Structures are given as C-alpha cells and as structure tokens.
Amino acid sequence: MDSKRLDQHRAVGRAEVLAVLLTAALALASCAWPKDDYDDCQYGFWLRLSYTYNIMDVEAAPEYLGDAHVYVYDAAGNFVKRIDVTAAQLKADSQRVRIEGLPEGDYRFMVWSGSAASEYSISGDGGGRDDFRLTLATAGSLHSARQLPPLYYGAPPVAVHYSETGYTERVVSMMKDTNELACLAVSTGEESLTADNCSLRLVTANATVDADNALTGGDAVSYEPYQLETVTIDDPDYGTMHGVRVAISTLRLMEHTTCRLLLERQPEGRVVFDVSLPEYIGMVGRLYTSMGRQLALQEYLDRQDYYTVVMLFSEELDQLLQLRVNSWRVRANHFIKV
C-alpha cells in the first residue's frame, strides 16, 4: 500500500472511532435531559430481583422467576400499594420492577413470585403488613397430593432515595419456598412394598407463612405423593429389590418444626419407617459450604430445593438395611418401627 492510500486509510479509521465516541457521548448526554415517556434511558426507583440464594450460589432469577407481586408498606407496616409484573415484563426489564410515585423515605417491601397460582391463597392483601398471610389452598382438607408451583419470596427494608442521575436500584434477594422430595422405598421381598399396599407421606405444619416468611403454626398437613409407581431395581449391595418410587411436593421446610417422613404398610396401618426429615437432611447439609463457610441447617434447607431419600428394607420390613439422603448414606437403624 502506497503512502497516499495509507494516509487515507488512517483518516477513515480515525473518523470511525470519532463517530463511535460521539454517539456514546450523545447517548450519555441524552440521559441528563428532563425525562419523558419516550425516553429510553433508565430513570426512577427500581427493585432488581436476584436469586442467588440457592445451593449453587449462582444467579438464577432469569430462568426461574415468573410473575412478581410487590407489596409496599411504610416504615410502620401500613399498606401503601401493590405492583403486579408479568414474567414477560420482568424479563424485558432485566428482572427489575419500577416503583413509581413513592416519596423519599423508609419502606418495607415484600416480593412474591408464583403466589398467584391456584394452589396458594392470600389473606390480608391490602391490609397492614402484620395481617398478611399466604396459605396452601387445601380446599378444607389437611392433605395435599399436588405438585406445587415454584414459589419465591423476598422482603428487604429499603430506604427510597433518588440519586442525582435520576436512577436508583436496590437488590431484592429471593429465596425458594417450595421443595421437591423424591423417595425410593424398596425391600428384598417382591411383594413387601407395592403401590397398592403402602403409604408414604410427609407430615408437617408449614401450610401458612406471614410477611416475614415465618410459619404461623396451625394444623399439620399430610403431603402425599403426586406421583407413585411400583418399581424393581438392581442395587449393587443387595441385588434385586422391589418397592415404590414417589414424588412429593411441600412448602418451606423449617429446622425447628416437627416434620416427619412416614412409611406405612396398608391396610393394617403398620408404621414401617418414621424419621425427622430435617434431622437427616441436616446430616448431609453439614457437608455443604457457601463461599468457604459451612452452611447452618436452616440455610441449607432454604438453599436446597430438591431432596432424594432412599430406604432399603429386609423382606419382612423389620430391618432397615440402608438409608441414603441426597446420595449420602446415613445411620437410622433405631428409627425402624416393627
């Protein structure tokens, strides 16, 4: 390339760079002008919904959060407003919700995602913060045999202030309030456990939570399988075994709340197995860490949302050969019921 053409090439390159810089400068300058409804610049007060409070410590809000409902209360807990955002709107705004019309000050926000599903009912909506309740909709029964839609909760106290740039963002850390339990109960006897002669369920009083996501007591709910099938497996330790595979869906599991996993032989109602699920989950939970620190049991229960429990019995169901929780073997021989 001769020197004349080289100079022309350099001039064109400098012009392209200047054009890019000028465009960026104009974009920044436009955000400093008074706002109108047609302005693409970000402004106002926003909540950004984040879901890193999971066992993987990764941001999963875009994949898992759906429709969001934001409750706004003043510092004294009085209801101010509710904002409903669709999953499509949330995704379009990068998991953010714009909060309009709030004077500067201290507020209490409460955010739910998934709470509009028919499996849940809400009372106190529009009342004071202390009046709010979210309840499993059991239609007058204390039994649930449904797969619950994913439910997420977050409730940070937030000071609303508007920055000089006109844009302010606060992060709401969400946690999951629903859990899936996959159970396998098998024995060395071909007819000892089948879908027709056994009952496996989770019993706990966790059907209602308040604005702090705390359980409010009440009667225990029997969470029963929404999937149940008779299976035959080949176990490396005990050979061919027969039994049932079930899937159970439950609301939030709590460390200090009675929560029993029960296996009964029918029709005589004989209790074969009865354990505290949080206790045995805790044996496994102590093996997990987050950012180099060991998880407390309740944090593990809140971060983990899927559990597997495998129970291996003798033919007469009078001996528990092995118990596995999330693939870890744990000791539970003294919990066998004969």
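These legends accompany close-up views of a predicted model.

**View 1. The whole chain, for orientation.** The chain holds five helices and 25 strands. It has 338 residues, and 44% of them count as buried. Take the contacts between residues at least 6 apart in sequence: 65% of these join residues at least 24 apart. The chain exposes about 17400 Å². Carbon and sulfur atoms supply 52% of that exposed area.

**View 2. The open sheet β4-β1-β11.** Three strands form this open sheet, in the order β4-β1-β11. The pairing is mixed. Which strands stand at the edges? They are β4 and β11, and each has a single partner strand, so one side of each is left without a neighbour in the sheet. From one strand to the next, the twist averages 25 degrees. Strand β1 covers residues 44-50 and runs antiparallel to β4. Four bridges join β1 and β4. In this sheet view, look for L47, which stands opposite V97 of β4.

**View 3. T168 in strand β11.** T168 belongs to β11, residues 167-173. β11 is one of the edge strands of the sheet in View 2. Is T168 buried or exposed? Its relative accessibility is 5%, so T168 counts as buried, the cut-off being under 20%. Which residues touch T168, leaving aside neighbours within four places in sequence? The contacts are G44, F45, W46, H161, Y162 and S163.

**View 4. Q95, a residue with positive phi.** Q95 sits in the loop between α3 (87-92) and β4 (96-99). Its phi is near 65 degrees, a positive value in a residue other than glycine. Most residues other than glycine have a negative phi. Q95 has a relative accessible area of 8% and is therefore buried.

**View 5. N326, also with positive phi.** The loop between β24 (320-325) and β25 (328-330) contains N326. N326 is not a glycine, yet its phi is positive, at about 50 degrees. With 12% relative accessibility, N326 counts as buried.

**View 6. N197 and its surroundings.** N197 is located in the loop between β13 (178-187) and β14 (198-204). A relative accessible area of 12% makes N197 buried. A polar atom of the N197 side chain lies 2.7 Å from the backbone nitrogen of T194. Beyond its neighbours within four places in sequence, N197 is in contact with E191, S192, E264, R265 and Q266. Q266 appears again in the next view, at a cis peptide bond.

**View 7. The cis peptide bond from Q266 to P267.** What is the form of the peptide bond from Q266 to P267? The bond is cis, with omega near 10 degrees. Most peptide bonds are trans. P267 lies in the loop between β19 (259-265) and β20 (270-276). Q266, on the other side of the bond, is among the contacts of N197.

**View 8. Two buried cysteines, C183 and C259.** C183 counts as buried, at 2% relative accessibility. C259 is buried too, with a relative accessible area of 3%. A disulfide is a covalent bond between the sulfur atoms of two cysteines. How many disulfides does a search of the whole structure find? The search finds zero.

Technical notes
Residues numbered from 1 in each chain as written. Predicted model: local features only at pLDDT ≥ 70, side-chain atom pairs only at ≥ 80, totals over all residues. Heavy atoms only, no water. Buried < 20%, exposed > 50% of the residue type's maximum accessible area, 1.4 Å probe, protein only. Contact = heavy atoms within 4.5 Å. Disulfide = S-S within 2.5 Å. Polar contact = N/O pair within 3.5 Å; in protein donor to acceptor, adjacent residues only side chain to side chain. Areas by Shrake-Rupley, 256 points an atom, 1.4 Å probe, with all protein chains shown as cover. Pairing = 2+ DSSP bridges. Axes fitted to C-alpha atoms, helices over the stretch in contact; angles between N-to-C directions.
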